Amino acid sequence: VLRFGRFSIIAGIALIAAGCISTPSPKYQPSISNTESLLKSAVKLRVGSFVAARGVEDKSLVIRGWQLEGGSDGTFGGYLREAAIKELQTASAYEDAGEFSLTGTLTRNELNASIKTGSAIVGAEFVLTRDHEIVFKKSLEARHEWESSFVGVVALDAAVANYSVTVQKLLGKLFADEDFVAAARSKPSR
């Protein structure tokens, strides 16, 4: 039994050192403030593709030797897309065949779980179109910090949970943006 215990510890350390341990992205939870913003604005949108800009980490983020994986499609662009859909659905603002289509490009994607303070920065360029015509285009960025820990597993859990909070903040900036709301409520020019 002692021999097996030593082997387990050595194997665990080897996996961590090799960076082979990965964890999936957290299940996205819509925020109350985002739901309120969407209900207030009374917009109806469908969601198109979300991708990452060249050079922006889209597949995994490394946190102290652990890897946080992207969304259900394996990308963080996909995670942001799924989050936008979830927010819109929660506020009954999602229309699969709606007049307006929201797309996005992930422009920044950083996650840090240092010993004292963890931080995340997520940025995206959002584009809203109506009948293939751009009616809104803006780059937004959200930053979020939290108390981290010396203990790796505790820091990892906090980083994973707070990455999702950072995405909530980014979408909150979009949904509260006056230009976005005006564009999403505009009528076609004839």
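The exercises below, each with a worked solution, concern a predicted model.

**Exercise 1.** Work out how helix α2 and helix α3 are placed relative to each other, beginning with the angle at which their axes cross.

*Solution.* Begin with the two elements themselves, which are helix α2, made of residues 32-41, and helix α3, made of residues 76-90. Their axes come within 9 Å and cross at roughly 60°. An angle from 65 to 115 degrees would count as roughly perpendicular and one under 35 degrees as roughly parallel, and therefore α2 is oblique to α3. The last step is the handedness, and here α2 passes α3 in a right-handed crossing.

**Exercise 2.** Identify which residues of α2 and α3 meet, and sort the residues of this contact by character.

*Solution.* On the side of α2, the residues are Asn34, Thr35 and Leu38, and these meet Glu87, Leu88 and Thr90 in α3. Sorted by character, the residues of the contact divide into two nonpolar, three polar and one charged.

**Exercise 3.** Locate Ala42 and Ser92 in the chain, and describe the phi angle of Ala42 and of Ser92.

*Solution.* Take Ala42 to begin with, which is found in the loop between α2 and β2, the strand of residues 46-52. Although Ala42 is not a glycine, its phi is positive, at about 55°. To decide whether Ala42 is buried or exposed, consider its relative accessible area of 56%, which means that Ala42 is exposed, since the cut-off for that word is over 50%. Turn next to Ser92, whose place is in the loop between α3 and β5, the strand of residues 100-113. Ser92 is likewise a residue other than glycine with a positive phi, in this case near 55°.

Terms used
Residues numbered from 1 in each chain as written. Predicted model: local features only at pLDDT ≥ 70, side-chain atom pairs only at ≥ 80, totals over all residues. Heavy atoms only, no water. Axes fitted to C-alpha atoms, helices over the stretch in contact; angles between N-to-C directions. Helix = DSSP H or I, 4+ residues; strand = E, 2+ residues; numbered from the N terminus. Parallel < 35°, antiparallel > 145°, perpendicular 65-115°, else oblique. Left-handed = near helix turned anticlockwise from the far one by under 90°. Contact = heavy atoms within 4.5 Å. Nonpolar A, V, L, I, M, F, W, Y, C, P; charged D, E, K, R; others polar. Buried < 20%, exposed > 50% of the residue type's maximum accessible area, 1.4 Å probe, protein only.
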